[in-house]
Structure formats: structure tokens, C-alpha cells
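Reader: Got a minute to walk me through this one? I'd like the overall picture before I set anything up.

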Amino acid sequence: MRKRIIYILLIIAPLLCVFASLFIGRYPLSLPLVIKTLWGQIALVNYDIPDMYQTLVWDIRMPRAILGAAVGGCLAVSGASFQGLFRNPLVSSGILGVSSGAGFGAALAIILFHGNTSAVYIFAFAFAMLAVLLSYLIGRVYNTTPTITLVLGGVVVSSIFSALISFAKYVADPYQQLPTIVFWLMGSLATARYHDILMAGIPMGIGIAGLIAIRWRINVLSMGDREAHSLGVNLAVDKGIVIICASLATAGAVCVSGIIGWVGLVIPHICRMIVGNDNRVLIPASLSLGACFLVLVDNVGRIITGSEMPLGILTALIGGPFFVWLLKKTKGGGW
Amino acid sequence: MSVLQVANASFSYERQSEKIFEDISFEVGQGEIFCLLGPNGCGKSTLLDNILGVNHLQQGEIRVMGRDTRTLKAGQIARYIAYVPQSHERTFPYQVIDIVKMGRAAYTGRFSSPSAKDKEIAKEALDLVGLRHLRHRPYTQLSGGEGQLVMIARALAQKTPVIVMDEPTAHLDFKHEMVVMETIVKLVKTTDLTVVMATHFPNHTFYLENNGIKTTVALMHNKHFLEVGNPTKVLNEHNMRTLYNVNTKLMTCPLDTSTVLKQLVPVSTLNGTKEEERNAYVR
């Protein structure tokens, strides 16, 4: 019974957050107005709503909120999965170089194609996946891929791509390209449109679905290679599925939102404190809480200053104190 | 029929010419315990790894219930052989019952999780080691001895004919060492389990023998078995000197009318150990 309530809450909470974000912004909208706008479009009823509100709710706030939820969920779920796979609570979704790979891809596209949005997405995604592949190949010793060499591979690839990002910044045109690169790296959902959601939604959807499906196996994999093997796990296949799915989800998220730190590390930990460490519950909980968190933080970013505050800054500024509060309240939750 | 057969087994790590062990053969029957004894680094754990299918033999074969382990996938081997690790690194504070349920992985699809039946099996396994009352505790909060019993319960949940244990009493206190040994005896007697274990305690094999379990000891020395047989035959002062370079005394003392306690008590390390070893290498 208690389990069912938790699951219902996990499903409802992100929907509520998305719904709430339709009201918030420079032009606050009233509840009846928002509901009328929504219903008018769904049921094709004409309520005589000004076009501006129509656009605001359906074309600006809605895609932004949905994308925020998807990105937050993806980062948190892949972070939780990687923590389990690598048996290391300090690992985040960017561990195999996805974020820095995506960052370099985006910077490259900004320089080469003067910030053409599609080019930025495609380059960011392609380089993110390339970074994972490189980490995997570096981590491959003999015919197996021990966890620790995989992490080392990720660290090496991350730092190489970080250096390449710096190089891109160094050669970029300082008046137009450089600010674009810097803002991209700080993360934002401001440009979200439906076609972004559709494009990035494919890898994000595949990744999340895969991780949810295989989530109990992540428990077993977290026992370490030798024990997982003797418990009957095909290490190469199961690890491969987790790595590919988590990378797809993260790369899909990062390529449309830029680099948003913190979510992939700390949301899983907040969930560990609330629902425990069993990945059967932890993975769905991370999905839900990650989605809520990013949508809420994005809303805060839209209202506190005249110009929008980049997401990457706010996630840490808001999430940090919240994490400390939770740590004190749950006394670490069994760590 | 023997449950586990190892025939002419040789192994060396990839890209290394020196063999870890060479031409080793033995058989273990149902309800028997096979103990591997030998100094640190003699290859006990590597031999166990080969039985588990973590590593693969270069020559020879390992058969479990008549099937060549080389032809079996991890998921199939795990239905024949379970594993109790020497030291389990506890990372995430899973509940005890969740740890034991992981023993059902070989019977659970890749994209599903254990069923209600698997949960019952896990609870029964916890009953067998007497830890059912701790099932909702985070296993990171258990003592070393309780943790080891949880590992044994997880292996039992695998419902395999064979359990491989790597030094199951390492790092345990005086009492829990005994608790683990008693648990092993009880399990072998009640479930007809076959146990293969590496150990550093010769006296444990006397304990198993005294409790009426057919126990075979193999002394692993210089890549081969120095001697294989029952504890009383194999564990003597001479063999201890060859195996460990330690002078020992075999003490006996009647426990009751039917059993005699036997203990090998170390007296001193052998003088000139280094020199002898050097000579062995030169030869």
C-alpha cells in the first residue's frame, strides 16, 4: 500500500511541477486562464483567448517545462545508474566524458556554423557519444573492461575534452562566438521548442526506458564483477546495456540543455536518503525527482532576475543547501 | 557420481608464461567438503576463480554435475555453483533481504526483478543461517560475522548443488569463526550441499571431520597438490613443515567417548627458510 502511494506521488509530482510552471514568469497568468488555454487547444473549444497567451502557454512555457523535466530526469537516472554500476557514490552522469564531449562538440559547432541550432545539437550529441566510446576503449584491458579502468578512461577523456573546450574558447571570436560558448556551457532551457523535444527525446526515451527495464540488474552489478558473475550475470552484455542507455540519456539531455551539473550527482543521493538504495525504487524516484527539481529551478531562474540566470549556476545554488538540510534531517540515510 | 570434477587443470594469466597451477585433478562428491590449504599466493583463489568461470583453464577441464563449465554461460554456471567471497566490499546500504534476493539473479530475466516466490526463497535462506530477524536492516550496519552469514544466505538462495567459499572465516572474531563453521556443518548435513573452500586454518578441517562430514584436504604447493586425503592422514607435522615452513605439534585430546579433538599447534617458523626457498628456485 505504502509502495503504491509512493509510486503515485512519483508520477504526479513532475506533472504538477510542469503544470505550475505554466503560470510563472514575466507575465503571470491566472489559473482559469491557463486552464482555458489548455482545454481550448485540447478540446478545440474557442474561448476567445488572446493569441499572446496561447503562444505563451503552448509554445513557450509548455515545451520548456517538458524539456526541463526530461533533461532533469535523464541526468538523475543516468547518475544513479552509473553510481550503481561503478559502485561509487561520487560518480555522476558525466563520468564517462559525456558532458565535456558534448561541450566540445557544441563549441566546435558554434565556431564552424556560427551557432546554427541543429548543428549544435548534432555535434554535441555526436561528440558526447564519441567521448563514451573513447572512455570504453581506453578502459578495455585484455578482453574485459574492469570498472576502475573504465572510470580512469572517463577521467582521461573528460580532461582531454575540457582542454579542447578551452582551446575552442581561445580561438573563438571574442564578441560573438565566445559568449555563446560560455552560455551554452552554463546550461539553459530558454531556447526550448517542440522539435528539440522530439529530436532529443529519442535518445532520452530509449536511454531511460532501458535503465528502468534493467534497474534490478544494477543492484546485482553493484556487487562487483566477480560476485555479479558468480550470481549469473553476463557482465559484458549487462554493463554494456547500462553504459549505452545512461550515455544516450545524458547525451540527449546535454545536447539540448547545455551542461547542467549537480543534478546527476546529487538528485540520486537525495533519493537514496528518501527511498533507500534498491535501484528498483531508486531509478524511478530519481527520474521523478530529477524532473521536478530541474523544472522548479528553471522557474526560479525565470523569475528572480530580469535577465535569465543560467541553469548550471542555480542548480548548485539551490540544490546545495537543500542537500545539506536533507543530510541533517535523515542523518545520512544509512551511509 | 561426483558433483564436481577437475581434471588435469593448468592455468596462467594472459601474457604471463609462468603457470599459477599445473596438472591438478580432484573430485568432490555430494555432501562432501573439499578444503584447499596452502600459503598466501599459492593459487588457491585462482583455482576457485576457474571453478566459478571467472577465469578459464588453459588445459584440462572442470565438470559440474557432468557438464563442462567452459560450455556454460554465467547464468547457467550460477545454477550449479554459488560463491561466498573472502571479503565483500559493502558499498551501498542495501537491506539484508535485498542482498539475499540477488542470489536469484540466475533465475530472473535481465529486464525483470525477483518474484514473490524468490522473496520466500530468500527468507528461507536467511532462516538457514539464523538471520531472518535482521532482514530489513541495512547490511552495512552488520558485524563482520553477520555479514559473512548474509553472503552464505545469498549463496543458498542460488539453490546450487555446490558452494565455493574463499576463506569464509577470514577477519572474523573468535565466536563468529565458530558460528560460520557450525553453519557450514549444519548446511552440509541438512541439505547435502557440496562445499569447496580455501582456508588458512588446518584445524577447521579437523573440526569438519569430527562433525561427521566427509572432508578431503588438498595441500597446494609449488603449483601442484602435495598431498590429498582426509585431514587425519594429510595434516601432519611433516607436511606442515613442507607447506608452510612451520614447525608444528599435533595435539590430541579426547572430547567424549567417540571423538578425539585434534589440533595442529604452530611452534616456530623453520630456520633458514629463506635459504631453502632460494635453493628451490635455483633448482
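Author: Here is a quick tour, from chain B to its sheet, then the core and the interface.
Author: This is a predicted model, where local features need pLDDT of at least 70, side-chain atom pairs count only at pLDDT 80 or more, and totals for chains, interfaces and linings use all residues. Residues are numbered from 1 along each chain as its sequence is written, while chains are lettered from A and ligands numbered from 1 in the order in which they are written.

Reader: How many helices and strands does chain B have?
Author: Chain B has ten helices and twelve strands. These are DSSP runs numbered from the N terminus: helices are H or I with at least four residues, strands E with at least two.

Reader: And what about the radius of gyration of chain B?
Author: That radius, taken over C-alpha atoms, is 20 Å for chain B, close to the 19 Å from the globule rule for 283 residues, so chain B is as compact as a globular protein of that length. The rule is 2.2 Å times the number of residues to the power 0.38.

Reader: What share of chain B counts as buried?
Author: 42% of its 283 residues. Buried means 20 or more other C-beta atoms within 10 Å of a residue's own, exposed 12 or fewer, and partly exposed in between, with C-beta atoms placed from the backbone.

Reader: So is Pro93(B) buried or partly exposed?
Author: Pro93(B) is partly exposed, because 18 other C-beta atoms lie within 10 Å. Pro93(B) sits in the loop between β6 (81–84) and α3 (96–101) of chain B.

Reader: Switching to sheets: what is the strand order in the open one?
Author: The open sheet of six strands in chain B runs β6-β7-β8-β3-β9-β10, with mixed pairing. Pairing takes at least two DSSP bridges between two strands. β6 and β10 (224–229) of chain B are at the edges with a single partner strand each, so one side of each has no neighbour in the sheet.

Reader: How do β7 and β8 of chain B pair?
Author: In the parallel sense, over five bridges. Met165(B) stands opposite Met197(B) in β8(B).

Reader: Now the core. Which helix gives the largest share?
Author: The largest nonpolar core has 179 residues, and Ala249(A) is one of those touching the most other members. Helix α3 (residues 51–85) of chain A gives the largest share, 16 residues. Such a core is a set of buried Ala, Val, Leu, Ile, Met, Phe, Trp, Tyr and Cys residues joined through C-beta atoms within 7 Å.

Reader: Last one: how many residues are in contact between the chains?
Author: 25 residues of chain A are in contact with 25 of chain B, contact meaning C-beta atoms, placed from the backbone, within 7 Å.

Conventions. Two residues are in contact if their C-beta atoms, placed from the backbone, lie within 7 Å.
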